[in-house]
Amino acid sequence: MFKQEEYAPLLGNEEYSPNSNLEYILPASQDFIMNDLMQLMPQGGLPATDMLLLPAELEDTIDANTKFELVTPKFTPVSPRGPPERAVFAGELDFQVEINASDTHKRKYLYSAILNRIYVDMKTNFSVTYRWAAGRAPAPLYVRSVVVFSDESQAEKRVERCTQHTHEVTNTGISQEIVKNVLHSAREKGTRGVYYCGRADEADSWLSVLVELPPGAAGAAGHAYQFVCKNSCSNGINRRAIDVIFTLEDASGHVYGRQAVGARVCACPRRDISRDEEAEGAARGKRRAPHDAPPRGKRPRADDDAAVALTLPALQVIGTKTAVTGLEVMVSMMEQAASFKRNDPQATENYNKCIANLKSQIEKLKKS
Ligand SMILES: [Zn+2]
């Protein structure tokens, strides 16, 4: 839509190179990039994008500086009809979605890699990082996010905001495709490059948020979102599990890649993530049926040291419970590893021997 050169005058910086990666590369530390960015950018001169991955607390500061008036051709986004496709694929542009879960003590959201699920309270910003092969990508590119019920038997049902939150006073004057969508961009309504798609009054029109990726981004960009309903909202999500489906698209709506992340919107993310991960661990321990496939989308790790049996030194720990819990974790891990090696009779036998031995030690400890 824009030529990259058009951005240089906007910055008021003669040395700005439209091909510079600095604005968009996301290093491990966001604080680091923010310091660098602020030094690089002249006053009032962020490039014309709302897609930088920013710490939530800085977003307001930046917002005030990004109000450029550009005369641009009007873009009318595609609004897909019918239940969204779910099959995830990276595609030719190697589209990946990451939730930044580091530094979580400062953040009000958590991400479970085991469950591929984000835990966040309502109206709390969370950042999503997109990665793609920029060299091969057409421009402009967009990422569409749409919320669906995880259970495929509910696939035909559109996820909508509950009655209570639909009728919040703050929704006055806001169009229905925004009000009814449980997922919002953290950006102000009307921000350039952020589009709310779908028609709330047409049942087969799915509600989605479409975000334009920054022109010139070197294959990585982030955007902050928030949920505006909880999982527990009655007559809305109504305690059903939800996923967010992200699709990398061009302006015509052609899908280059698709990824999905589960979401739990709740008042106590920390409590719920521990509870769900524990439940998953227990379930995995029980799932030892020979035909049990590894969870979809998660590859079993190539664990080359798995075959090596170790003899631990005589270790001292305080408390029977500590010892039992520690050994139980080992059993659970070996059971999981064994399930990935079920086609290898020798490995299976080795695992079973170790597991049986540990279990008998656990029983002895419990009786002591
Ligand atoms: Zn609600």
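**Entry 1: strands 6 and 9.** I looked up the pairing of strand 6 with strand 9 and found it antiparallel, over 3 bridges. This is a predicted model, and I read every entry below with that in mind. Within this pairing I noted one residue pair: Leu183 has Phe227 of strand 9 as its bridge partner.

**Entry 2: strands 4 and 9.** I then turned to the pairing of strand 9 with strand 4. These two strands pair over 6 bridges, in the antiparallel sense. Here I recorded Thr129, whose bridge partner in strand 9 is Gly222.

**Entry 3: strands 1 and 4.** Next I followed strand 4, residues 126-131, to strand 1, where I counted 4 bridges in an antiparallel pairing. Gln96 is placed opposite Arg131 of strand 4.

**Entry 4: the sheet as a whole.** I assembled these pairings into one sheet. It is open, has 4 strands in the order 1-4-9-6, and is antiparallel in its pairing. I identified strand 1 (96-99) and strand 6 (183-185) as the edge strands, each of which pairs on one side only. For the turn between neighbouring strands of this sheet I noted an average of 35°, with direction ignored. As background, I wrote down that strands of a sheet pair through backbone hydrogen bonds.

**Entry 5: burial of strand 9.** Why is strand 9 largely enclosed by the rest of the structure? I checked its residues, 220-227, and found that 7 of the 8 are buried, so the strand is largely enclosed. A residue counts as buried here if 20 or more other C-beta atoms lie within 10 Å of its own.

**Entry 6: Val88.** I located Val88 in the loop between helix 3 (56-65) and strand 1. Is Val88 buried or partly exposed? I found 18 other C-beta atoms within 10 Å of Val88, and it is therefore partly exposed. I also looked up its separation from Ile245: the two residues lie 157 positions apart in sequence, while their C-alpha atoms are 8.6 Å apart in space.

**Entry 7: the chain.** Finally, I took the totals for the protein chain. I listed 8 helices and 11 strands. The chain has 368 residues, of which 29% count as buried. Among its contacts with a separation of 6 or more, I noted that 72% come from residues 24 or more positions apart.

Notes:
Residues are numbered from 1 along each chain as its sequence is written. This is a predicted model: local features need pLDDT of at least 70, side-chain atom pairs count only at pLDDT 80 or more; totals for chains, interfaces and linings use all residues. Two strands pair if DSSP finds at least two bridges between them. Axes are lines fitted to C-alpha atoms, for helices over the stretch in contact, and angles run from 0 to 180 degrees between N-to-C directions. A residue is buried if 20 or more other C-beta atoms lie within 10 Å of its own, exposed if 12 or fewer, and partly exposed in between; C-beta atoms are placed from the backbone. Two residues are in contact if their C-beta atoms, placed from the backbone, lie within 7 Å.
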